[in-house]
Each structure stands twice: as C-alpha cells, then as structure tokens.
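This report walks through one protein chain, going from its overall make-up to its cores, its surface and a few selected residues. Please look over the sequence and the structure shown below before reading on.

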Amino acid sequence: MALGGNPVFNGKNFRTAARGNNPAAHGSTALAGQSAMNQQQLENLYNQPSAGPAETGRMTFDDVIVKTIATIGMVLIGAAVPAFLLPGLALPLMVIGLIGGFVLGLVNAFKREPVPALILAYGFLEGLFLGGLTMFLENMFPNIALQAIVGTLTVFAVTLLLFKSGKVRATPKAMKIFMIMMIGYAAFSLVNLGLVLFGATESMFGVRGAGIPGTEGMFGFENGIPWGLVIGLLAIGLAAFSLVIDFTMISEGVKNGAPRKYSWTAAFGLTVTLVWLYVEILRLIAIVRGSSE
C-alpha cells in the first residue's frame, strides 16, 4: 500500500485497519463465540445467506460515496452563506472559514477515531472560506466560479477513470517523487506568502503573478507567461496524484475489511484533496485571466 500524500490517511488507526490488521473487521469475535453454540444454532447459522460488508460492519465504496457527498454538501452549504445569504460579509466569513477550517482540519487529521460531527463542521467552515474567496475573485473575473467548478470536476473524473483503468498507480517510486515535489511546493508557498504579506511584491499572487523573462508577448501575455501558470499546473498535477493516493487507500481499506466508521475518514480525506484542487484551479484561472486582460 502506498503511504504518504494526504496526511488524513496516514493516521495509525486508519492504516492499521486498511491493511487488514483489525481482527474485529473479519468477524473473529463471532468465530470465537461459535464454541458456545449448540448444533441446531450452528446449522441455522450455516443455512443463512452469507453476510456482506454492510452486515459485518465493514467499510464499503457505497459508504464512502454517501459520506463524501454529505461532507461536500456541507461545503456547498457553507459556500452559499457568503455567496448568496451574506455577501456583504464575504471577507470576514472567508477569514473565519480559513482559520476555523485549518484548525478543525488538523483536529480531524490527528484524532484517533473519526468524529462525523467534526468532519461535517470542517466541511461547512471550508465552504465559508471557498465561498468568500470565490466571490472575491468572481467580482474581478466574472464566471470564474463556474470555470473552476468545471475544471475541478473534470480533473477528478479523469483521475478516477485513469485509476480505475490501472493506468495510474501510486508506486513507491512515484510516491518518492511526489513527496519531494510536495516539500518543494510547500516551501515555495510559504516563501511566496511571506513576500505577499510583507509587501515585497505588487501582485496579490506574489511571485506567481510575475512574468517569465523572455516570454513577453507570447500567447497574448504582454508581460510574459506568468510563473503562476507553470506553478499552478504543477500544483494541480500534485493534487490529482494525491487523489490517486486517496483512491488507493480507500480501495485497500475496503478490500481488507476496515471498519465502517473509517468511511468518514475516507470522506474527509477526499474533501481535503478536492478543496485543495479547487483552490489551485481557481487561482490558476485568476492568474491567467489577470495576466491576459
């Protein structure tokens, strides 16, 4: 099993369950109790239909899908607050969602057991952040929200199809490359954020908004192709591969009979990656449109 990538799936309990090391998931307790059954009870048990994953309390793909839809639904509800209900408070709501979502994301990622209420609350707070951010950019670049949503769904669908076809896999070599690139991207993002906060760059996107020297006038970019286009495509690729890792961990969990409660962990992990993917696509579109207008 590929490890790394989304920290949500790297918790000890989820990894143990996904590897199939949870005796309860395989019905060992029930087997131990068979010695106390009489012959008639054993015959009745033998004649019953075989129990599926749902009856034995194991995680299924259906569980993951339902809980992911519920979590994403909370994201949409949260996004509707600054976008439609309280547009005048979009900025403060975005800040509340950013800080609250970050804190609650860490809490959920490091809890030993998934707590559905906290995961749904995380989805709502992330929705506040995404809704505020989207409306801020929508006022600058009309229809950018629709473009970002379509882009996110397209990347997700293509990644899922490639994973199901077996053409993309989280191999150990790919994981090493992924981790190195993730560390580099995280370091760049922190430095770039510092430059923006301390006013070292005029662009609200920092270094991302600057043009690449020698590319002035190319493809309609008067100031050169923005670094944000190159970096953004790299980030989207990293987010897409993170989805592959998420799919791999979920598949292993279902195959090895992880307890059903971890379908909430899977839903949380997918939501984290999808939020990241959406933000990267939204920022990429804003940089490209801002540089070409």
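## Overall make-up

Of the 293 residues in the chain, 41% count as buried, and this value, like the others in this report, is computed from a predicted model. The chain holds 10 helices and zero strands, so that, under the DSSP-based assignment of helices and strands, the order of elements from the N terminus reads α-α-α-α-α-α-α-α-α-α.

Among contacts between residues at least 6 apart in sequence, 76% join residues that are at least 24 apart. The surface exposed by the chain comes to about 15600 Å², and carbon and sulfur atoms supply 69% of that area.

## The nonpolar cores

The largest nonpolar core contains 46 residues, and those with the most contacts inside it are Leu 130, Leu 137, Ile 144, Phe 241, Ile 245 and Leu 282. At least two residues of this core come from each of the helices H4 (61–85), H6 (116–140), H7 (144–165), H8 (172–197), H9 (227–255) and H10 (262–292). Helix H10 gives the most to this core, with 15 residues.

Leu 282 can serve as an example, since a contact here means heavy atoms within 4.5 Å: leaving aside residues up to four places away in sequence, Leu 282 touches Leu 133, Thr 134, Leu 137, Ile 144 and Ala 148. A second core, separate from the one just described, has 11 residues, including Val 8, Tyr 122, Leu 128 and Trp 264.

## A nonpolar patch on the surface

In soluble globular proteins, nonpolar side chains tend to be buried together. In this model, a nonpolar patch is also found on the surface, formed by Leu 91, Val 95, Leu 98, Ile 99, Phe 102, Val 103, Leu 106, Val 107 and Phe 110, which together have about 880 Å² of accessible area.

One of these residues, Val 107, is placed in helix H5, which covers residues 90–110. Val 107 is partly exposed because its relative accessible area is 35%, a value between the 20% and 50% cut-offs.

## Salt bridges

The count of salt bridges comes to four, and three of them are described here. In one of them the side chains of Arg 260 and Asp 63 meet, with an N to O distance of 3.4 Å. This pair links distant parts of the chain, as Arg 260 is in the loop between H9 and H10 while Asp 63 is in helix H4, 197 residues apart. The two partners are covered to unlike degrees: Arg 260 is partly exposed, at a relative accessible area of 31%, whereas Asp 63 counts as buried, at 14%.

Glu 113 and Lys 261 form another salt bridge, in which the closest N and O atoms are 2.8 Å apart. Because Glu 113 lies in the loop between H5 and H6 and Lys 261 in the loop between H9 and H10, this pair ties together parts that are 148 residues apart in sequence. Glu 113 is partly exposed, with a relative accessible area of 32%, and Lys 261 also counts as partly exposed, at 40%.

A further salt bridge joins the side chains of Glu 280 and Arg 283, at 3.0 Å from N to O. These two residues are three apart in helix H10, so about one helical turn separates them. Glu 280 counts as buried, with 3% relative accessibility, while Arg 283 is partly exposed, with a relative accessible area of 24%.

## Thr 68 and two glycines

Thr 68 is found in helix H4 and is buried, with a relative accessible area of 11%. A polar atom of the Thr 68 side chain lies 2.6 Å from the backbone oxygen of Val 64. Not counting residues up to four places away in sequence, Thr 68 touches Ala 267 and Leu 270.

Gly 73 is also placed in helix H4, but counts as partly exposed, at 23% relative accessibility. The C-alpha atoms of Gly 73 and Leu 120 are separated by 8.9 Å, although the two residues are 47 apart along the chain. Gly 220, in the loop between H8 and H9, is partly exposed, with a relative accessible area of 46%. Gly 220 and Ser 291 are 71 residues apart in sequence, and their C-alpha atoms are 8.7 Å apart in space.

Conventions: Residues are numbered from 1 along each chain as its sequence is written. This is a predicted model: local features need pLDDT of at least 70, side-chain atom pairs count only at pLDDT 80 or more; totals for chains, interfaces and linings use all residues. Side-chain values use heavy atoms; hydrogens and water are left out. A nonpolar core is a set of buried Ala, Val, Leu, Ile, Met, Phe, Trp, Tyr and Cys residues joined through side-chain atoms within 4.5 Å. Buried means under 20% relative accessible area, exposed over 50%, partly exposed in between (1.4 Å probe, protein chains only). Helices (H or I, at least four residues) and strands (E, at least two) are DSSP runs, numbered from the N terminus. Patches are made of residues with over 30% relative accessible area and no salt bridge: like charges are joined within 9 Å, nonpolar side chains (Val, Leu, Ile, Met, Phe, Trp, Tyr) within 5 Å. Accessible areas come from the Shrake-Rupley method with a 1.4 Å probe; for residues, only the protein chains shown count as cover. A polar contact is a pair of N or O atoms within 3.5 Å; within protein, one must be able to donate a hydrogen and the other to accept it, and residues adjacent in sequence count only if both atoms are side-chain atoms.
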